[in-house]
There are 2 protein chains.
Amino acid sequence: MQSRSSAARATGRPRSAAADAAILEATRAALVELGWSRLTLGDVAMRAGVAKTTLYRRWAGKNELVVDAVAELFDELELPDSGSLAADIEGVVLQFAAILDRPEAKSGLMAVVAEATRDEALRERVRASIVDRQKRLVLEGRARAQARGELPVEDDPAAAAATVDLIFDMVAGAVVHRTLVSAEPVTEDWARRFAQMLLQGLTNTSPA
Amino acid sequence: MQSRSSAARATGRPRSAAADAAILEATRAALVELGWSRLTLGDVAMRAGVAKTTLYRRWAGKNELVVDAVAELFDELELPDSGSLAADIEGVVLQFAAILDRPEAKSGLMAVVAEATRDEALRERVRASIVDRQKRLVLEGRARAQARGELPVEDDPAAAAATVDLIFDMVAGAVVHRTLVSAEPVTEDWARRFAQMLLQGLTNTSPA
DNA sequence: GTGCTTTCGATACGAGTCGTAGCGTAACGG
DNA sequence: CCGTTACGCTACGACTCGTATCGAAAGCAC
């Protein structure tokens, strides 16, 4: 959202919070029915029972609106404390996949990422609203695994950050690619195989 | 392309092959300058020096056109025979990343994938034109590594296919996510770390 | 060459979307 | 009660879409 800076304007009629919620909900519904390309802001406004001008007063355009609408889907993401690193990975992968499987996430997320390649501000918005929320799970899971002694501790903070980024891109990338590009479902079996592959590596394949 | 079935019509004026090339090239140029959302077919036609009707005669719409235009970028992909699995992986990753780094691939590919989530025919087109071409590299690299004794041979063909799919999603997914979502460059160092992580796994981290 | 067939370039068209402007009304705070 | 801002509504010019139509051009069979 674009919370009117920190010192919010105290005078005048306040913006309807209900309208915000209705608009974002309507955006997701429109994404499900129409997909990204056929989604129009006029249609969203009508679904939300809101004038088109109200919509433009709060969001700069389609891109920003859809980022916010999709970002809310990732609110439910949380790291399950399963007791082992392998189980943690499987749990996060299945959660992430369940969100990506929803049609409003499928069509919206990739389209926004595509637009973000040419728009620095939008890229930053995606990072803050969606990506960072996911990456935090990697940080937490890694810390827990290190506390359990399942993973070695890296002293060099720069190297540690690079490792976290690498793991993040591998986990999130694999799930996204499987779901959206290969268009195959992320089953429990796939998550198990993935976690084992990530932990043991390609060469140490012990048939489950 | 949509080669008029196998038994091509032999009579009448043949379609200009030069126009095909000019249109695809113009599409890539427009992707670079305008990105996906601002790209219009009228503009592409003008750039290619072709009437808009000619364009619509060959492609059903923006989606199909961009798939073909982007697919050509992946023609140069090939598996370098480096002598070791790790080096092969690094080589492919760097090649793939180099293509993804081009702006016409960045903005075009993700947008098409997003549209494909709601269009079965388009999804099949993407698979045939782009995905399968990449997956072949995994198959070849795996076969070579098995011949060298670097990887175990799986007897069950179904399990082997699942493994190939898993590896493919992990490699391609990581590179795509790193490049387009995290928006960070795939350097030689990153490729090296990735290959080691994929081969040795998360637990067997030996600081390079 | 002479037809026949299909493509090509050009133009025009209705339909739909865009983002903005104007205006009167509604909802708050001092 | 009054100033300020949000809201709903309508209308607008500009643009893109995909299609239709037409005469001209290019190849192939004969």
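This passage describes a predicted model of two protein chains with two DNA strands, moving from the overall arrangement to individual residues.

The relation between the two protein copies makes a convenient starting point. Chain A can be superposed on chain B with an RMSD of 0.0 Å through a turn of 180° and a shift of 0.0 Å along the axis. That is the relation of a two-fold axis. Both copies use the same surface, and 98% of the contact residues of chain A recur in chain B.

The interior comes next. In general, nonpolar side chains of soluble globular proteins tend to be buried together. Here, the largest nonpolar core holds 139 residues, and Phe194(A) and Phe194(B) have the most contacts inside it. The greatest contribution to this core is made by helix α8 of chain B, residues 157–181, which gives 12 residues. Setting aside residues up to four places away in sequence, Phe194(B) touches Leu166(A) and Met170(A) from chain A. Within chain B, the residues touched by Phe194(B) are Ile89(B), Val93(B), Met170(B), Val171(B) and Ala174(B).

Another covered element is helix α4 of chain B, spanning residues 62–71, where nine of the 10 residues are buried. The buried set includes Asn63(B), Glu64(B) and Asp68(B), along with Leu65(B), Val66(B) and Val67(B). Ala69(B), Val70(B) and Ala71(B) also belong to the buried residues of α4(B). What do the buried residues of α4(B) pack against? Their partners, again in chain B, are α1 (17–38), α2 (41–48), α3 (52–58), α6 (103–116) and α7 (120–148). Ser129(B), which is found in helix α7 of chain B, gives a residue-level view of this packing. Leaving aside neighbours within four places in sequence, Ser129(B) is in contact with Val67(B), Asp68(B) and Ala71(B). Ser129(B) counts as buried because its relative accessibility is 16%, below the 20% cut-off.

An annotation can be set beside the model here. An unreviewed UniProt entry lists residues 17–77 of chain A as "domain: HTH tetR-type". In the model, this span is 77% helix and 0% strand, and its end C-alpha atoms lie 24 Å apart.

Attention now turns to the DNA, beginning with strand C. DNA strand C is surrounded by 24 residues, the closest being Thr53(A), Tyr56(A), Gly12(B), Thr54(B) and Arg58(B). Of the strand C atoms within 4 Å of the protein, 67% belong to sugar or phosphate and the rest to bases. The surface near DNA strand C draws at least two residues from each of α2 (41–48) and α3 of chain A and α3 of chain B. Of these contributors, α3(B) gives the most, with four residues. A base contact is made by Lys52(A), whose side chain has an N or O atom 3.1 Å from a base oxygen of DNA strand C. Phosphate oxygens of the strand are approached by backbone atoms too: a backbone N or O atom of Ser16(B) lies 3.1 Å from one, and a polar backbone atom of Ala51(B) is 3.3 Å from one.

For DNA strand D, 25 residues surround the strand, and the closest are Thr53(A), Thr54(A), Arg58(A), Thr53(B) and Tyr56(B). Sugar and phosphate make up 65% of the strand D atoms that come within 4 Å of the protein. At least two residues of the surface near DNA strand D come from each of α3 (52–58) of chain A and α2 and α3 of chain B. The largest share, four residues, is supplied by α3(A). A polar side-chain atom of Lys52(B) lies 3.1 Å from a base oxygen of DNA strand D. Backbone contacts include a polar atom of Arg13(A) at 3.2 Å from a sugar or linking oxygen, and an N or O atom of Leu41(B) at 3.4 Å from a phosphate oxygen.

Finally, a backbone detail deserves a look. Most residues other than glycine have a negative phi. Ala183(A) has a positive phi, near 60°, and Ala183(B) likewise has a positive phi near 60°. Ala183(A) lies in the loop between α8 (157–181) and α9 (188–200) of chain A, while Ala183(B) sits in the loop between α8 and α9 of chain B. Ala183(A) is partly exposed, with a relative accessible area of 33%, and Ala183(B), at 33% relative accessibility, also counts as partly exposed.

Key
Residues numbered from 1 in each chain as written. Chains lettered and ligands numbered in written order. Predicted model: local features only at pLDDT ≥ 70, side-chain atom pairs only at ≥ 80, totals over all residues. Heavy atoms only, no water. Least-squares fit on C-alpha atoms with pLDDT ≥ 70 in both. Contact = heavy atoms within 4.5 Å. Core = buried A, V, L, I, M, F, W, Y, C linked by side-chain atoms within 4.5 Å. Buried < 20%, exposed > 50% of the residue type's maximum accessible area, 1.4 Å probe, protein only. UniProt positions renumbered as here; feature names shortened; annotations may be inferred. Near = heavy atom within 4 Å. Polar contact = N/O pair within 3.5 Å; in protein donor to acceptor, adjacent residues only side chain to side chain.
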